[in-house]
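Please look over the sequence and the model shown here before reading on. The report is written for someone meeting this structure for the first time.

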Amino acid sequence: MKPSLKTLNHDNRNLLILHLTVFVWGFTGILGALISISAVQMVWYRVLIASITLFAYFKFSKTNIRVTRTQFLKFFFTGSIVATHWIFFFHSIKVANVSVSLICLSSVTLFIAILEPLIKKHAISKGDILVGLLIILGIYLIFKFETKYTTGIIFGLLSAVAASFFSTINSTLVQKNNPSIIGFYELAGAFFWISIYRLFDKSLLTETFNLSLSDWFYLLILGTVCTALAYVAGVSVMRTLSAFRVALITNLEPVYGIVLAFILFGQKEQMTGGFYLGSLLILAAVFIYPIYKNRRNKA
């Protein structure tokens, strides 16, 4: 039975929304470079603004956000991993640049391929190993040719490790819970854990609210459009599009981000040939992975 014109139009609309959402995620790195405050402060403001925005959205849409104590604790503690991921990611941008951070973040596919079988207790497939080796080779080339960005690369990879942990955890949590509600409690948890950390860092406490107008403007975009709005939009279309399509389009995030960074920052984002070769290997592996998994699932 052929899909109706209405169904096709609905799918096309959702594809466009997903592309725009991924583009917005790619723009997150640009904001990280534009905002002048430290990574810890930036993420603290981001999760605070996003949590308030999502809470307002739930109130407006009359969404019931009640969860059990066990669910709350799971979401809240996962928020600490989300906070770690974002702090490492933005710190990587601060000490290197947007291109380095986004490419390193792409290696999350490698860490998920290793971590997911361990948590879910099933064997790592040969295809996962091959994809992982391609990514490792790409990372090696970037390390070899971009030695001045070593610290940024390390934090970018640590960010990818943290992302693989909460992505794997969330892949089990979403089976029984509303993804938007999970996101809200994880963001609230991230805010709580960063606030605890800030209590022990006097320099961060004295810098609170002492921001320029441009920083406030970029932070509001980061917290509302790039976090809360993008999250709700992304979740809504992921329920109707296939996991394969979503995975392929989501992998465009570093591409969008690197192109935007090159346009906006020019010379600062120019890298060596070795970096681009390593990036090409990582991106190739990242795009091959969902195709391979799709075929494996159909076999």
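What follows is a short account of aromatic pairs, charges over rings and two further residues.

## The model

This is a predicted model, and the features described below should be read with that in mind.

## Aromatic pairs around Tyr 45

The count of aromatic pairs comes to 19. One of them joins Trp 44 and Tyr 45, whose ring centres are 5.1 Å apart and whose planes meet at 80°, so the pair is edge-to-face, given that an angle over 60 degrees counts as such. Both Trp 44 and Tyr 45 are buried.

Tyr 45 also pairs with Trp 216, and because their planes stand at 75°, with the ring centres 5.4 Å apart, this pair too is edge-to-face. The pair of Tyr 45 and Trp 216 links distant parts of the chain, since Tyr 45 belongs to helix α2 (residues 39-60) and Trp 216 to helix α10 (residues 213-238), with the two positions 171 residues apart in sequence. Tyr 45 has a relative accessible area of 1% and is therefore buried, the limit being under 20%. Trp 216, by contrast, has a relative accessibility of 29%, so that residue counts as partly exposed.

## An aromatic cluster

A single aromatic cluster is formed by Phe 55, Tyr 57, Phe 58, Phe 72, Phe 75, Phe 76, Phe 77, Phe 184, Tyr 185, Phe 192 and Trp 193.

## Charges over rings

Two arginines have their charged ends placed over tryptophan rings. For Arg 198 the ring is that of Trp 44, and the charged end lies 4.3 Å from the ring centre. For Arg 46 the ring is that of Trp 86, with a distance of 3.9 Å to its centre. Trp 44 thus appears twice in this account, as the ring beneath the charged end of Arg 198 and as the partner of Tyr 45 in an edge-to-face pair.

## Ser 99 and Pro 179

Which residues is Ser 99 in contact with, leaving aside its neighbours within four places in sequence? They are Ile 258, Glu 269 and Phe 275. Ser 99 itself lies in helix α4, which covers residues 98-106, and with a relative accessible area of 2% this serine is buried.

Pro 179 is found in helix α8 (residues 179-199). Its relative accessible area is 16%, and because buried means under 20%, Pro 179 falls into the buried class. Pro 179 and Tyr 231 are separated by 52 residues in sequence, while their C-alpha atoms are 9.1 Å apart in space.

Key
Residues numbered from 1 in each chain as written. Predicted model: local features only at pLDDT ≥ 70, side-chain atom pairs only at ≥ 80, totals over all residues. Heavy atoms only, no water. Helix = DSSP H or I, 4+ residues; strand = E, 2+ residues; numbered from the N terminus. Buried < 20%, exposed > 50% of the residue type's maximum accessible area, 1.4 Å probe, protein only. Contact = heavy atoms within 4.5 Å. Phe/Tyr/Trp six-rings, centres within 6.5 Å; stacked < 30°, edge-to-face > 60°. Lys NZ or Arg CZ within 6 Å of the ring centre and 35° of its normal.
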